[in-house]
There are 2 protein chains.
Amino acid sequence: MRASQFFISTLKEAPADADITSQKLMIRAGFIRKLAAGIYSWMPMGLRVVRKVENIVREEMNRAGAIEVSLPVVQPAGLWQESGRWDTMGEEMLRFKDRHERDFALQPTAEEVITDIARSELRSYRALPKNFYQIQTKFRDERRPRFGVMRGREFTMKDAYSFDRSAEAAGASYENMYNTYCRIFDRLGLTYRAVAADTGAIGGDRSHEFQVIADTGEDAIIYCPDSDYAANIELAEAVAPAGERPAATAALTKVHTPKVKTIADLVAFLNIDIKSTVKALVVEGAEGEAVLLLVRGDHELNEVKAEKIAGIKKPLTMASPALIREAFGANPGSLGPVGFKGRMIADRTVAKMADFVIGANEDDQHYTGANFGRDCAEPEVADIRNVVAGDPSPDGKGVLAIQRGIEVGHVFYLGTKYSAAMNATFLDEDGKPKPFEMGCYGIGVTRILGAAIEQNHDDKGIIWPDSLAPFNVVICPVGYDRSAEVKAAADSLYEALLAKGVDVIIDDRGERPGAMFADWELIGAPHRVTIGDRGLKEGKVEYQQRRDATATPVAADAILEHLLAKLA
Amino acid sequence: MRASQFFISTLKEAPADADITSQKLMIRAGFIRKLAAGIYSWMPMGLRVVRKVENIVREEMNRAGAIEVSLPVVQPAGLWQESGRWDTMGEEMLRFKDRHERDFALQPTAEEVITDIARSELRSYRALPKNFYQIQTKFRDERRPRFGVMRGREFTMKDAYSFDRSAEAAGASYENMYNTYCRIFDRLGLTYRAVAADTGAIGGDRSHEFQVIADTGEDAIIYCPDSDYAANIELAEAVAPAGERPAATAALTKVHTPKVKTIADLVAFLNIDIKSTVKALVVEGAEGEAVLLLVRGDHELNEVKAEKIAGIKKPLTMASPALIREAFGANPGSLGPVGFKGRMIADRTVAKMADFVIGANEDDQHYTGANFGRDCAEPEVADIRNVVAGDPSPDGKGVLAIQRGIEVGHVFYLGTKYSAAMNATFLDEDGKPKPFEMGCYGIGVTRILGAAIEQNHDDKGIIWPDSLAPFNVVICPVGYDRSAEVKAAADSLYEALLAKGVDVIIDDRGERPGAMFADWELIGAPHRVTIGDRGLKEGKVEYQQRRDATATPVAADAILEHLLAKLA
């Protein structure tokens, strides 16, 4: 490509409403332009990167045996009513009526449509397994769109859906997709982690998120540096501390704690170690009764784990102040197990504590020296907290660390959730109809651009991995219009690279060198060759990789081989 | 591709609501599945054809110097209000409110969005010319979707928009796109015609439709077999008959014509040549007055031509019965120029008629022997009728013929319609802001599939041109699972064709030969090789092109070269 025939439009400043580095850089580099909140036009430079992601995703999906389809963006309400999601999707699903007053939605995802196709097309077990995918426009009416293309409203997603005869076969399809996703993110050149994720109502352990590692990520990823263990914070198991609970040594003592409402207040007021305190939280049980949850003062309740406990109201519902006063005779801030007659669930760590400090169920009163079994009942014990860095790894192979990630893919075993709801069955070998065992597999195609930039940038701009760059090599001739030698050398290298199939652009716009270099550092071309009169006189050109601090002189007649070696 | 790893789903019967051959065949061949009225899922086989169209369009657009972008499907109302089209687009533009009650529409086209980008990105004449295109989902809420993907609601369109400094430069951009469209439709392997089309309010003569010729086409295409002349029926000029108007020979005679309401009634009742009759139509003038239009009895009023006449109300409005009774003292069915004092416009053919038969402005009464100048005023003369086959060609080079076509592309010079309305200007060389001169250029990507099938099919199914076929070559082994020789020969040819880059599928499903052949005739693979035990014993396989009535034996060791020659 010649820059003069392409469209390069860089900006010195990002707009004031850009709220994250990748968004600022994508706008400044001319990759996207905002049309409305969470809705962006893809400019020529950005679209090239989108296409590169799409191509890698498509190639690997095809290699895995998945078959491409394209499902409508505008979907009728009927199928969503069959699955029950018309009522449960909430306002994120944008709905409207057509001119005949029929209900439609913009596709946020396509389980219903593909399940409808499967039930009419996949009649027999002989047609299975099948995995259909599409790379298509999706729309989710986010209440607060932000982070540019990472939490936009209109975006491109690759969504795949597998149909199998049995849970076992569905497991093989899941494995196939898991491995395919690893190949895709390897080829994209990103540092990522596949982390086990919660499966919600479906149950089982077959759900993984693919997270691009970046300090700015929204998600906390738990992993063990000494093993393969990785999970998201919702799922990561907090194991019980080793050993038995210490024996009680202190007497239960009521302490006046005026104005102490939080654990921080309590620690400061009593000047104690936070690890000796226990936090009391009250949620509703299935019958609307108060259930007391106990986690150590420095730990956080994990709501996903708590919600999964039998007898707890779903979705997890914090008890109202009125219910708390009725059950405890006190206001939140001074609650505890002593004297409480209801159900009580202690986190595994709390269950190993002795002589702890806890609310006394009287306003402005706490107990020190509290002990289970002596001062109150023995609690039920469960894992109900978020892990923290330094916790033992659940696989026993070291301690956990935490890093931040951006979710760019998700593989999920669905079981018969949709096929049962929509009566989507096939005739099995025994002649009986059975519901499909399904899986779904998403990749946020446009989101990957944002994630890649969050992971790979510096103060000059974007640093693309080779596989994603809009152009892999930029040739920057200094004085292209002035010097016949420079023009000849630049054109000759350009033609030679094109002949080798290299994705190269020659910057023939006639910009000053400083502006030209700044543009390509902002855009993030991985490899730059600078050709100028002075160098050519000595038979030299300059090569600079995007992460290099300075350029390296290379013999003009060796630059082609030099580049090809770098690109290999 | 191996058929066992792909998805082939043919049907014996088309659904009852399929209303045109291409739609029936696309459904039967498993290319599309209906999701809702005018909304189709693209199945794997159909999507392969869509991608082939997209690739040819993209390659030729790039070659022409156009630059690809991707504009959002969901567009905010604001820009459409700026251009004024929010009010004029009608119900075809699907509108809705997002969760924050802001107005949006699904893109039916993208002039507004791209003009908005141009006004912020193309600041100087140095940035011009530019031509941006996208291949993207469009939505038009057709009142009565029909003809499958040809008049669907959701569809894929390639839309391009050019920005130029001057009308002259815009003309060059237009020429470039016209020539590019010819290359695209040539490469698609379709028989088509570029026909001059009406430019409506923009004026000028720079608008052409690209019509795929098919008997089932919705559009009438007027062309001259002896010259290059081609226009759509809205635009094609009906020239005046040669020579002077004959002298009047008959006397004006009132005839009682009971129950005669139409020209057909009149011709039958009086037993006369329809070419001696004149049809009276009444429309509203700009002030709401009655204007009488006269066309010969066998001719049809051309509403587009009539609407362009100065002083005629726009859009063209037929006079109400009340207005007609007030102006003529009679009901429709017996109207005419004799005694009428208002404005009268005769078609050029009518203006050359003498002794004609016309309504008498009395119910159930007509005149015979009517003549202009003698029995009524001389009329204004204008071209207000549709041409008919046999009319003289406007270029004087023979007579016109009519064929049917399906519009698959349109190039249009827009002038400053959008740039002026949206204040989209660039700084010209003289330092002054000027509005862009624009053009727009559409291709109905998914519609092309329907049009190609309407043009190319037989009673067995689709006949794809090589460039569009989902697979170019199908290998049909008879007894793939039973015969090691057949399997070896088929696999070997398959591998050899893949190595040559041929888009080949091997049908390894184990279907009976009859069912297998019927599938591929329905799907429309252009080239078929059948490999069976009996032939192989004599060193033969069979080759059949889709249009061939029978298969031809070819030496097994020559089939690769044979195929490559056919594909060349």
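**Exercise 1. Place A:Lys305 in its surroundings.**

A:Lys305 is buried, at a relative accessible area of 9%. Buried means under 20% relative accessible area, exposed over 50%, and partly exposed in between (1.4 Å probe, protein chains only). The model is predicted: local features need pLDDT of at least 70, side-chain atom pairs count only at pLDDT 80 or more, and totals for chains, interfaces and linings use all residues. Residues are numbered from 1 along each chain as its sequence is written, chains are lettered from A in the order in which they are written, and side-chain values use heavy atoms, with hydrogens and water left out.

*Step 1.* Find the element. A:Lys305 sits in helix H8 (residues 303-307) of chain A. Helices (H or I, at least four residues) and strands (E, at least two) are DSSP runs, numbered from the N terminus.

*Step 2.* List the contacts (heavy atoms within 4.5 Å). Leave aside neighbours within four places in sequence. A:Lys305 then touches A:Glu234, A:Leu235, A:Ala236, A:Glu237 and A:Ala238, and also A:Asp383, A:Ile384 and A:Arg385.

**Exercise 2. Work out how chain B is related to chain A.**

*Step 1.* Recall the principle. Two copies of a chain are related by a rotation about an axis and a shift along it.

*Step 2.* Superpose by least squares on the C-alpha atoms of residues with pLDDT of at least 70 in both copies. Chain B falls on chain A after a rotation of 179° with 0.2 Å of shift along the axis, at RMSD 0.4 Å. The two copies are therefore related as by a two-fold rotation axis.

*Step 3.* Locate the axis. B:Phe96 comes closest to it of the residues of chain B, at 3.1 Å (C-alpha).

*Step 4.* Compare the two sides. Of the interface residues of chain B, 98% are also interface residues in chain A, so the copies meet through the same surface.

**Exercise 3. Describe the interface between chain B and chain A.**

*Step 1.* Count residues. Chain B brings 52 residues into contact with 51 residues of chain A.

*Step 2.* Get the area. Buried area is the accessible area (1.4 Å probe) that two parts lose on being put together, summed over both. Here it is about 4300 Å², 61% of it on carbon and sulfur atoms. In chain B, the most area is lost by B:Leu35, B:Arg99 and B:Glu121, together 17% of what that side buries.

*Step 3.* Count the salt bridges (a side-chain nitrogen of Lys or Arg within 4 Å of a carboxyl oxygen of Asp or Glu). There are eight between chain B and chain A. One joins the side chains of B:Asp98 and A:Arg153, at 2.9 Å, N to O.

*Step 4.* Assign the element. Strand E7 (residues 130-139) of chain B gives the most to the side that touches chain A, with five residues.

**Exercise 4. Inspect the backbone for unusual angles.**

*Step 1.* Check omega. In chain A, a cis peptide bond joins A:Leu128 and A:Pro129, with omega about -5°. A:Pro129 lies in the loop between helix H5 (111-121) and strand E7 (130-139) of chain A. In chain B, a cis peptide bond joins B:Leu128 and B:Pro129, with omega about -5°.

*Step 2.* Check phi. A:Asn361 is not a glycine, yet its phi is positive, about 60°. A:Asn361 belongs to strand E17 (residues 356-362) of chain A. With a relative accessible area of 11%, A:Asn361 is buried.

*Step 3.* Move along chain A. A:Asp364 also has a positive phi, near 65°. A:Asp364 is in the loop between E17 and strand E18 (365-370). At 23% relative accessibility, A:Asp364 is partly exposed.
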